[in-house]
Amino acid sequence: MHSSTKAIRIQTERTNEMEHSTPLFLTSSFCFDNAEDMRAAFADETDDNIYSRFSNPNVQEFIDRMCALEGAEAGYATASGMSAVFASFMAFLKQGDHLLSCNSIFGSTHTVITKYLPKYGIGYSYVSATASEKEWEAAITPNTKMIYIETPTNPGLDILDLEMIGKLAKKHGIILNVDNCFATPIGQKPVELGADIVVHSATKWLDGQGRVLGGVIVGKKELIQEIYLFCRSTGPALSPFNAWVLSKSLETLDVRMERHASNALFIAEALENHPKISQLKYPFLKTHPQNDIAKRQMKNGGGIVCFEIKGGLDAGKKFLNSLQMLSLTANLGDTRSIASHPASTTHAKLTEAERQAVNITPGLIRISVGLEHRDDILKDIVQALG
Ligand SMILES: *Cc1c(COP(=O)(O)O)cnc(C)c1O
């Protein structure tokens with residue numbers, strides 16, 4: 001079966017009620033028939049559910065569907081994308097280890113790497129998202145334990161070469177950890193290109209309707225086992241209710257992403273030469289600096305379009321205030337289109353120099369293109385630019 005079929009058909013075993021759609025297993029713990037069965041479960045001799053911090057049928061269904069979509073062996077789901085990112089670090093890194101990351105990454109991930117990992121004696125260094133193979137290799141140190149990347153990056157939409165970095169990681173025996181939030185497994189499959197583990201904020205495109213927080217880590221079985229052991233003791237488990245919502249969402253991920261991406265390409269092409277815009281970025285436009293890499297490793301360009309509005313900070317704020325339909329909200333990957341202005345919001349606490357280093361210019365606008373009719377999305381953006 002194709003992975004898109006598996007994302008629909010992999011399902012929790014039918015109960016005696018003969019339901020068609022998976023019911024909600026809203027339970028903190030699970031029962032045993034006798035002391036022997038319970039002993040065996042605790043001794044890891046069976047994979048019976050014990051307690052929902054460890055496992056739960058709804059959570060497992062969501063994980064199994066994600067593994068099918070990503071082409072991964074195993075997974076663990078968490079309460080948010082950040083708990084997935086944090087667990088993917090803490091399960092493997094110890095005092096004296098070094099984490100190598102691309103410099104344009106999600107804001108909270110940057111905080112974890114620069115503020116919290118050093119508290120545990122874990123060092124880090126950043127390389128530019130557009131660094132060459134030589135620059136990447138030069139940044140690897142003898143104690144580099146993990147390489148962490150995002151592609152496309154947020155909000156700059158830079159594309160990193162997964163295959164090139166995958167080969168480097170393998171050559172040096174380093175774990176390659178990829179945040180695949182922006183592309184989703186419909187857009188790209190990092191495991192096929194050399195990633196050892198893949199993390200997601202399920203809050204974004206995976207839910208796709210702006211309802212629940214969630215996260216998931218998938219990858220090689222022996223690595224996921226380490227993450228499972230870390231999470232089982234530290235407790236970032238995904239709630240069964242959120243898992244039930246997210247698992248249902250995966251049934252429509254393929255069709256949703258196809259439309260998000262075709263709407264985004266339409267918006268990008270229509271706005272590319274707009275007189276109020278100085279630079280527009282979309283991975284599947286020929287003008288994107290890494291268009292060749294994007295075409296090679298991605299099936300579509302994703303649902304995010306970025307552009308620089310002429311007039312900087314004030315023009316950016318004015319643009320947001322002039323929108324009539326697009327939402328101003330701190331999320332992305334929703335059926336409803338969203339506009340954001342990183343310089344005055346998500347990245348306002350950075351210095352101008354820090355923002356420059358990760359290509360966040362004063363007039364940068366990020367559009368998460370929704371599933372509304374493409375003409376209505378374009379119309380609102382064009383009137384606000386006016
Ligand atoms: C949102 C996001 C996260 C964090 O996910 P939460 O679910 O908000 O905790 C991590 N990485 C990327 C790329 C994101 O966009």
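Helix H13 (residues 312-322) lies across strands E9, E10 and E11, and runs at about 130° to E9; here axes are lines fitted to C-alpha atoms, for helices over the stretch in contact, and angles run from 0 to 180 degrees between N-to-C directions. Contact means heavy atoms within 4.5 Å, and the helices (H or I, at least four residues) and strands (E, at least two) are DSSP runs numbered from the N terminus. The model is predicted, so that local features need pLDDT of at least 70 and side-chain atom pairs count only at pLDDT 80 or more, while totals for chains, interfaces and linings use all residues. Residues are numbered from 1 along each chain as its sequence is written, and side-chain values use heavy atoms, with hydrogens and water left out.

**The sheet under H13**

The open sheet has 4 strands in the order E8-E9-E11-E10, with antiparallel pairing; two strands pair if DSSP finds at least two bridges between them. Strand E8 (277-281) and strand E10 (338-340) stand at the edges with a single partner strand each, so one side of each is left without a neighbour in the sheet. On average, and with direction ignored, neighbouring strands of this sheet are turned by 20° against each other. Strand E9 (residues 304-309) and strand E11 (residues 364-368) run antiparallel and are joined by 5 bridges, and Val-305 has Ile-367 in E11 as its bridge partner.

**Helix H9 and strand E1**

Helix H9 (residues 221-234) has 14 residues and reaches 20 Å from its first C-alpha to its last, close to the 20 Å expected at 1.5 Å a residue; the expected span is 1.5 Å times one less than the number of residues. Leu-223, Ile-224, Ile-227, Tyr-228, Cys-231 and Arg-232 of H9 are buried, where buried means under 20% relative accessible area, exposed over 50%, and partly exposed in between (1.4 Å probe, protein chains only). Seen down the axis of H9, these buried residues fall within an arc of 165°, so they line one face of the helix; the arc is that of the directions from the helix axis to the C-beta atoms. On the other side of H9, Glu-222 and Ser-233 are exposed. The helix is followed by Gly-235, whose phi is positive, near 90°.

What covers the buried residues of H9 includes strand E1 (74-78), helix H4 (81-90), strand E5 (175-179), strand E6 (197-201) and strand E7 (215-219). In E1, 5 of its 5 residues are buried: Ala-74, Tyr-76 and Thr-78 point one way from the strand, and Gly-75 and Ala-77 the other way. E1 pairs with E7 in the antiparallel sense over 5 bridges, and Gly-75 stands opposite Val-218 in E7.

**Two helix residues**

The table sets out Asn-242 and Arg-374, leaving aside in each case neighbours within four places in sequence when contacts are listed.

| Residue | Helix | Relative accessible area | Contacts |
|---|---|---|---|
| Asn-242 | H10 (residues 240-250) | 17%, buried | Val-212 and Leu-213 |
| Arg-374 | H15 (residues 374-385) | 39%, partly exposed | Asn-263, Phe-266 and Ile-267 |

A polar atom of the Asn-242 side chain lies 3.0 Å from the backbone oxygen of Leu-213. Arg-374 and Ser-262 are 112 residues apart in sequence, and their C-alpha atoms are 8.9 Å apart in space.

Methods
Polar contact = N/O pair within 3.5 Å; in protein donor to acceptor, adjacent residues only side chain to side chain.
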